[in-house]
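Trainee: Could you take me slowly through the cysteines of this model, and then through the strands that pair with one another? I would like to follow the reasoning step by step.

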Amino acid sequence: MSRIRKAVFPVAGLGTRFLPATKANPKEMLPVVDKPLIQYAVNEAVAAGIDTLVFITGRTKRAIADHFDRAPELEMELQERGKHDLLNTMYETVPSNVECVYIRQGEAFGLGHAVYCARSVIGDEPFAVLLADDLIDGVNPQGVLADMVATAERESASVLGVERVPEEHTHRYGVIGPGASNGRVHDVTAIVEKPSPGEAPSNLAVVGRYILDGSIFDLIAKTGPGAGGEIQLTDAIAKLLQTQRVVGYEFAGKRYDCGSKLGYLEAQLAYGLKHPELGADFRQKLLEVAAELTRAETAPV
């Protein structure tokens, strides 16, 4: 597989589970400590060698483009106040050698359709897809996508990021049927979108990271509505399996489902505890809260 240079970020969803917070603010701009979710995904892509970021946006998502744009007035104010650390953080939002492309998805017809919207920019190249809702704290400091890029080049195959989920949760994910395995790499023999626990081919679920051959666009174009009446990327990948090798990469690390409120709160806790400036103080605050809860639970009624 040739070098993977481009990444697609489907960010046109409405984020209804976080209303009213997402009424005027994209869910991808919700902060985890001091960075929005989309920034974590972009950092992961850039660390993996991606130099073209393709955002599939909707009409309420202008804040994402504003976030990755320059802000001369703010930069000048930080410069004048001598806040050079913050200024450098602003410059590092997107490195100067990385291009951002924004494509409007007129109507939300599913993940497959969102990815298809990037065809004019991707062409026939292999490319990555990252779902910002899935915040993954990988063991590799470079991030999970860097491991997947290396896997794609080594295996000459499309790669799906997978993790083991409880069997009762398979109906929430696309689930692979694994063939031969070599460590964390599993040949994919089948893939099913949101199967019931009794019908799932395994408990290896596809979660928020993909590296796909450019031929997937032709397959998406021929894919009709699937689960939920939407054009599912999973269905197109099932067709890809008929002509090309696809592998699942069982990443090492912890995934936080920031598409759910509980997963988002878990991410806040985890990233707050590991924050270089706030971590120690935050840990002490949590210990104090835990002690108060214990006292309240054990107090006589």
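Mentor: A disulfide is counted here when a pair of cysteine sulfur atoms lies within 2.5 Å, and it is a covalent bond between the sulfur atoms of two cysteines. Please keep in mind that this is a predicted model. When the whole structure is searched with that cut-off, zero disulfides are found. For C100, the closest cysteine sulfur belongs to C117 and is 18 Å away, which is too far for a bond. Looked at from the other end, C117 is in no disulfide either, as its nearest cysteine sulfur, that of C100, is 18 Å away. The surroundings of these residues can be described as well: C100 counts as partly exposed because its relative accessibility is 24%, whereas C117 counts as buried because its relative accessibility is 18%, and the cut-off for buried is under 20%.

Turning now to the strands, strand 9, which covers residues 174–182, pairs with strand 10, residues 185–193, in the antiparallel sense over seven bridges. Within this pairing, I176 stands opposite I191 of strand 10. The two strands form a hairpin with two residues between them, and in that hairpin G183 takes a positive phi near 65°. Strand 10 also pairs with strand 12, residues 246–250, again in the antiparallel sense, over three bridges. There, D187 has V247 of strand 12 as its bridge partner. Strand 10 is therefore a good place to begin tracing, since strand 9 and strand 12 both pair with it under the rule of at least two bridges.

How values were computed:
Residues are numbered from 1 along each chain as its sequence is written. This is a predicted model: local features need pLDDT of at least 70, side-chain atom pairs count only at pLDDT 80 or more; totals for chains, interfaces and linings use all residues. Side-chain values use heavy atoms; hydrogens and water are left out. Buried means under 20% relative accessible area, exposed over 50%, partly exposed in between (1.4 Å probe, protein chains only). Helices (H or I, at least four residues) and strands (E, at least two) are DSSP runs, numbered from the N terminus.
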